[in-house]
Amino acid sequence: MRILRLGSSIDSEGETPFEERAASLAGRILASASGEQVETILRMPRPNERMPEIVEGWVAELKPEIVCFNISSHWCEAELIALRLQRLGPIGRFLSRRLNSATRSYDFNASPLVRLSRSVATRVVGGRPPFTPAEAATAIEASLRRVVRHEHVAVVVAGSPYSAALEGGAAARRRAMRRRAELFGRLAPVCDSLHIPYDLPPHDADAFAKAVRTRDRLHFGPEMHRRCGELQGRLMVAAWQAAQVETRMPSGQAGRPTSSPACRGE
């Protein structure tokens, strides 16, 4: 069984061993329930105007049985200094480009000096999220509608109980919580209307804690992967089970289920 995993750099960066990452755990949960060998293919989209076309292209190319659509907290909850600098004229745009180039390196981001500088700069200069909840929700909804056109492809939508908003103090955390509530509030009825299994959880108690993160403070360690992998695995098992019921229905009666199992929104 092939899974198209729509994920983020959390799936590839950091010191967490491959076998302890959420993708591996979710795959093992599905393999155990289905009795089938599971292959996971990772792609990392961004919720912009091109997302629907790109995602549908991957579905057509890779022909997965399940699309696991992970909603990255980075999209709306992170506040990036580089995006704030872009509004400060030519010098700001120049600095933003240099900063974006440098911060592509995990080791650079993991440097204690860089971590300290990022923390101070976020409080002094501030940051902006990559996308507003409305922008992200629009792109994700259009992508989901493209995917469900493919009748033999199941899709699930999984949020994360963790947040990308580490810097900026209590005010930044409150903004992250508001943006999450808005994004998930927009996505839950979409999933309901399309009969897509989903789990869009609120923040866990340690959602903003440094202890659950890797050295760069931008990615997450084994505990986050465990919780997210279990959540994603449960959703994929629910989608697989629904597909099994559908395939056993008499010809002419098959179709997407009239209710979504394993659904949770805020």
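This is a short talk on the internal cavities of one structure.

Okay, so before anything else, keep in mind that we're looking at a predicted model. I went hunting for enclosed space inside it. The general idea is simple: roll a probe the size of a water molecule over the atoms, and you see where empty space is left.

So how many cavities of 30 Å³ or more does the structure hold? Two.

Let's take the largest one. Its volume comes out at about 190 Å³. There are 18 residues lining the largest cavity, and if you want to find its centre on your screen, go to Ser8, Ile10, Asn70, Ser160 and Gln232, which are the closest to that point. And which helix gives the most to this lining? That's H10, running over residues 222–248, with three residues. As for the chemistry, the lining of the largest cavity has eight nonpolar and eight polar residues, plus two charged ones.

Now, on to the second largest cavity. Here we have about 50 Å³ of space. I can give you the lining by name: Ile71, Ser72, Ser73, Cys76 and Glu77, and then Arg180, Leu183 and Phe184. Two helices, H3 at 74–77 and H9 at 169–194, each bring at least two residues to the lining of this second cavity. H9 has the largest share there, with three residues. Split by class, the second lining comes to four nonpolar, two polar and two charged residues.

So, to wrap up: about 190 Å³ in the largest cavity, with H10 as the top contributor to its lining, and about 50 Å³ in the second largest, where H9 takes that role. That's it from me, thanks.

How values were computed. Residues numbered from 1 in each chain as written. Predicted model: local features only at pLDDT ≥ 70, side-chain atom pairs only at ≥ 80, totals over all residues. Heavy atoms only, no water. 1 Å grid on protein atoms, 1.4 Å probe; cavity = no way out; pocket = protein on both sides within 12 Å on 5 of 7 lines; lining within 4 Å. Points joined across faces, edges and corners; volume = space filled by probe spheres on them. Helix = DSSP H or I, 4+ residues; strand = E, 2+ residues; numbered from the N terminus. Nonpolar A, V, L, I, M, F, W, Y, C, P; charged D, E, K, R; others polar.
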